[in-house]
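Here's a quick walk through a structure you may not have met before. Have a look at the picture, then read on.

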Amino acid sequence: MRKDGALMVTFQQTQQPVCCHGCLAVLNTIQSNGLVEQYLQSKQINESSSPR
Ligand SMILES: [Zn+2]
């Protein structure tokens, strides 16, 4: 994992960390196309634990 700057994307009105610009673009595309629900159902993002 790289640590040269954390990438964050606003997803579902929440700041989500992403590993690369690829994932950032994917999430933005998902939101633009209204595929958020389908994405969440297939991915099931954990929004409960956010270690700091
Ligand atoms: Zn990535």
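## Histidine 21, out in the open

Histidine 21 counts as exposed because 10 C-beta neighbours lie inside 10 Å of it, and the cut-off for exposed is 12 or fewer. You'll find histidine 21 in helix H1, which covers residues 21-32. Keep in mind that all of this comes from a predicted model.

How far apart are histidine 21 and valine 9 in space? Going from C-alpha to C-alpha, the gap is 9.7 Å, while along the sequence the two are twelve residues apart.

## The overall layout

Stepping back, the protein chain has two helices and two strands. Follow the sequence along and you meet them in the pattern β-β-α-α.

So how much of the protein chain is buried? Of its 52 residues, buried ones make up 0%.

## The hairpin

Now for the strands. E1 takes in residues 7-11 and E2 takes in residues 14-18. They run antiparallel, and five bridges join them. If you'd like a spot to look for, methionine 8 sits opposite proline 17 of E2.

Together E1 and E2 make a hairpin, with two residues between them.

## Two glutamines in the turn

Which residues should you look at in the loop between E1 and E2? Glutamine 12 has its place there, and glutamine 13 is found there too.

Here's a bit of background: most residues other than glycine have a negative phi. Glutamine 12 goes the other way, with a positive phi near 55 degrees. Glutamine 13 isn't a glycine either, yet its phi is positive at about 60 degrees.

Are these two buried or exposed? Glutamine 12 counts as exposed because it has 12 C-beta neighbours inside 10 Å, and 12 or fewer is what the cut-off asks for. Glutamine 13 has 5 such neighbours inside 10 Å, so it counts as exposed as well.

## Helix H2 and what follows

Helix H2 spans residues 36-43. How many of its eight residues are buried? The number is zero, so H2 lies largely in the open.

Just past the end of H2 comes glutamine 44, where phi is positive again, at about 55 degrees.

Key:
Residues numbered from 1 in each chain as written. Predicted model: local features only at pLDDT ≥ 70, side-chain atom pairs only at ≥ 80, totals over all residues. Pairing = 2+ DSSP bridges. Helix = DSSP H or I, 4+ residues; strand = E, 2+ residues; numbered from the N terminus. Buried ≥ 20, exposed ≤ 12 C-beta atoms within 10 Å, placed from the backbone.
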